[in-house]
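User: Hey, I'm new to this one. Can you walk me through the ligand site?
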Amino acid sequence: MTGLLEPHAIGQSLTRLDGPAKVTGTAPYAFEQPVGDPLHLFPVQATIARGRVTAIDSSAAEAMPGVAGVLTHTNAPRLASDEDRELWVLQSDQVAFRGQFVAAVLAETPEIARHAASLVRVEYAEEPHEAELRADSAKLYAPDELLAGEPTNTFEGDVDGALAAAAVTVDQTYTTPMEHNNPMEPHATIARWDEDGLTLYDSTQGAHTVRVTLAPVFGLDPRQVRVIAPYVGGGFGSKGMPHAHNVLAGLAARMAGGRPVKFALTRQQMYSIAGYRPPTIQRIQLGAGADGRLTALAQDVIELSSKIKEYAEPTGKGTRVMYAAPHRRITHRLDPLDVPVPTWMRAPGECPGMFALEVAMDELAVACGLDPIEVRVRNDAEVSPESGLPWSSRNLVACLREGARRFGWERRDPTPGVRRDNGWLIGTGVASSTYPVYRLPGSVAMIRLLGDGRYRVSIGAADIGTGTWTALTQVAADALGVPCERVDLRIGDTALPMASVEGGSSGITSWGSAIVAAAQAFRDQYGTEPADGAEVVAETPDNPDAARFAMQAFGAQFAEVRVHVDTGEIRVPRMLGVFAAGRIINPRTARSQFIGGMTMGLSMALHEQSVMDPRFGLVVNHDLAEYHIAANADVGDVDAIWIDEHDPYVNPMGSKGIGEIGIVGAAAAVANAAYHATGIRVRDLPITADRFLS
Amino acid sequence: MIPFEYLRAEDAASAVAAVASRPTAAFLGAGTNLVDHMKLGVASPELLVDVSRLPFDEVEPLPGGGVRIGAAVRNSDLAADPILRSRYPAVSRALLAGASAQLRNLATTGGNLLQRTRCVYFQDVTTPCNKREPGSGCSAIDGYTRYHAILGASSACVATHPSDLAVALTALDATVVVLGVHGERQIPLADFYRLPGDDPHRDTVLEHGELIIAVDLPDLPFAARSTYRKVRDRASYAFALVSVAAALDVADGSVRDARVAFGGVAHKPWRATRAEEVLRGAPISDESFLQAAEAELAGARPLAGNEFKVPMARNTLVAVLRELAQEEAR
Ligand SMILES: Cc1cc2nc3c(=O)[nH]c(=O)nc-3n(C[C@H](O)[C@H](O)[C@H](O)COP(=O)(O)OP(=O)(O)OC[C@H]3O[C@@H](n4cnc5c(N)ncnc54)[C@H](O)[C@@H]3O)c2cc1C
Ligand code: SF4
């Protein structure tokens, strides 16, 4: 057990330290970094889903004034490692998915590059492709492990026997569609080569991650790659790892004679280059007694992966920790397709998986004639169901109860389809939420006392709009025992010490723990009278408690839904999320993460769907006019609160990650409320008006 | 996007002359649709003649009781116009149901009417599309059809017209005033848009170089009780799945006259003349409204994937007529 930091700055609603620079437009995002005399890059993308490039005629492009060069697989510099096929850019004639880069134009202006790219003629030998996830695919296979090393399959007891003996069963299939992360700022990078190596101004969730991933691809030592990313306009996972555009920019910069190369993906290009959440097909089987207590719980997941790079969404991960049930089975199968490479998207695993589980739990409540909150309370797990470990803290029930009180749940009549107001059917729904406490190893913090009494705290961490600049400053202030004004935080650059990626809601735990360790080391080394220039470095320590406790944040999501009797239109006037996520470092930025996650969950519930046309292997609605994300009028009163939770085991701040939990369960709460409103159970996202029309 | 020339028109006649004499020239309104298409490679005009600043930027009364809407009137201004709001509220509501405030602040009346389909294949030059490239095939018919037609489509094209404004104007018998090299002509909006047939390349009957200078709305007193209802996948900022513009004239418990048009269901704003026939003289009741809707939709031929539009259009029309009849009763 760690002694928790005494909170002084922690817990304060500090406004964002980077706010003024952002609202005045002076915070440089990747593409805006001032570099002299840049060239601009525009790619040519494959128009087949599988096959070979047989010929490229770039003469018209090359003849255009202002064109500096055309890259193809025949002239691009050779890369050093093909271990990651997503990053094996312009190295062969093979086409593995539609939209893959097959050429690119370097030019004096973005307009010239774009026009010249449209003049490049590419011929293909097309081969048959498969781009549609199918439950009956002959190619389904079990991956060795899931995304972050989780087991593919887990079994306990005799699920089939328990189902056969159960008084009540639910056996349904749920689907979630392909969804694209769509951060506001498109993926952008500026690449420059000089004698020291490669410099990238990048829009990324991890400057060091980009460095260590790309160095071997270019055959460089990591120290020869510098990545600078102080401000990032969102990522939602899609900027967690470098993608092909980074490599293409690096290749182009190699051919640019020392000039920097600017490259921003268009919104349309993001749909094939920057990753997405793969679609899932999930069968859930629940067996319970008449009292709603689960005896059996099974989730069999079939999901999309790409042929060139395995991606195994850990869809059943949330189910493994949610509810107690003696007989359990959770399996995953992948269908590898000729499609762009999927990646992390906010709460990979929990987000699609908990949609299915939490709708199934609602169905169980209906089947048992029990209140959906009561069903969840009855199945609350005293210890982590699979590992058997006790919880460092688990307050799911407290979240459900507090939410019920605030949402007005006690007045709820469970009968579906009976509340009507001026042509709208009204219902309410609930779902549980959870997300793990991750601590990534390897981050290093450096603390140095400056001459003016301030402490410079340096760590190559990222702020993707979440509030890292502010929250880490607060952590450092309390770790050093000084006010925030005396902390001079530096992040977003590989010139700063190593930091793990901003992913898995792990940032504050991983980086904050390193900063606390460094502050401790600073005191140990210099006592109370440090001299100017005194300096220490320290690494994120291991947490011995991680082996003794299961660590998760929990939450409860509530939604009110209205469905129009005539048209089937759906509105969500009210959402409430109640979370138990340890100590909240900064209520202002935390609330923004919670309600942002919930809003994205609302968007998932009602709108988001990348429409894959399997004939082309193409996501056809590849822009923000046709790929719908909730707009202002869709978002009603979204409120998030949290309960006081003391957890001395997770980290010295007592905090749990909060960037992702807000999306988990939100779509299920909406689906459950839509059922309560109409009596129609929608098991396939998104929930659109046509589902309610007869 | 290809290099292009830009010319700001001084007057209507020279704008017409400039575009008519060059097959690769195009008029430019606010560019909220055309410039997108230029970036996507869907359109590649070599000369843009900007007509957004020609002096057609007013809404004026016409002798005989109608109003004339200048082609350069911005969508926001038109929606807020007091005459429109009181005498033709369906038009104002249709505009406000379209696009976003930012787009409406820019978009012009002429450009709005001539915006092109949002069919995703039309907008992606890497897929076949008869409208964009005649003879290449229609990718939508066996593809993503959610926003596609259920009425009046052909085997060559199943696209829908996306304008909300055009649906309301069609219902209320508007006429388009155009200027060509041979002078002015007036085209009733009902005849202005084409069905795809085997030539989906052309959206309207306009000839190359013909400039829209105005839209006339005739005097139609009961249009003061008209409305527009749009059903879409988001609460705002989404194109219609189905929309209805309607005006109802009722007396003594029955319908004296009606104007109805559907949006989101066809290659053009769909004037529901069959529904109007059923409504005329019919008693005010859900049954009459349902009969009217069914008479119009009897000819619907939905595609795999947009079957829901038939009940959606039916229910929406019934709901709109019910609402208008109730309004009248108050
Ligand atoms: C994200 C998004 C959402 C949208 N949602 C909606 C919606 O929900 N409902 C809706 O109705 N619309 C919607 N729109 C479309 C919008 O209404 C149109 O883009 C706009 O009305 C076009 O007007 P403009 O002046 O910009 O036309 P432009 O783009 O300038 O021109 C469009 C076409 O009209 C021609 N043209 C322009 N003026 C004239 C003239 N006077 N005479 C002859 N030809 C002319 C041009 O050559 C061009 O072919 C949306 C657009 C976007 C980008
Ligand atoms: S529906 Fe019309 S616009 Fe769409 S692909 Fe077919 S031909 Fe083209």
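Analyst: Sure, one term to start: a polar contact is a pair of N or O atoms within 3.5 Å; within protein, one must be able to donate a hydrogen and the other to accept it, and residues adjacent in sequence count only if both atoms are side-chain atoms. Here, a backbone N or O atom of Ile212(B) sits 2.9 Å from a nitrogen atom of ligand 1.

User: What's the small print?
Analyst: This is a predicted model, where local features need pLDDT of at least 70 and side-chain atom pairs count only at pLDDT 80 or more, while totals for chains, interfaces and linings use all residues. Residues are numbered from 1 along each chain as its sequence is written, chains are lettered from A and ligands numbered from 1 in the order written, and side-chain values use heavy atoms, without hydrogens and water.

User: Which side chain of chain B has an N or O atom 2.7 Å from an oxygen atom of ligand 1?
Analyst: That's Thr108(B). A backbone N or O atom of Leu34(B) is 2.8 Å from a ligand 1 oxygen atom too.

User: And where does ligand 1 lie?
Analyst: Between chains A and B. There are 32 residues around ligand 1, counting those with a heavy atom within 4 Å. Among those that come nearest are Phe27(B) and Asp164(B).

User: How do the shell residues divide by type?
Analyst: Into 16 nonpolar, 12 polar and 4 charged. Nonpolar means Ala, Val, Leu, Ile, Met, Phe, Trp, Tyr, Cys and Pro; charged means Asp, Glu, Lys and Arg; the others, Gly among them, are polar.
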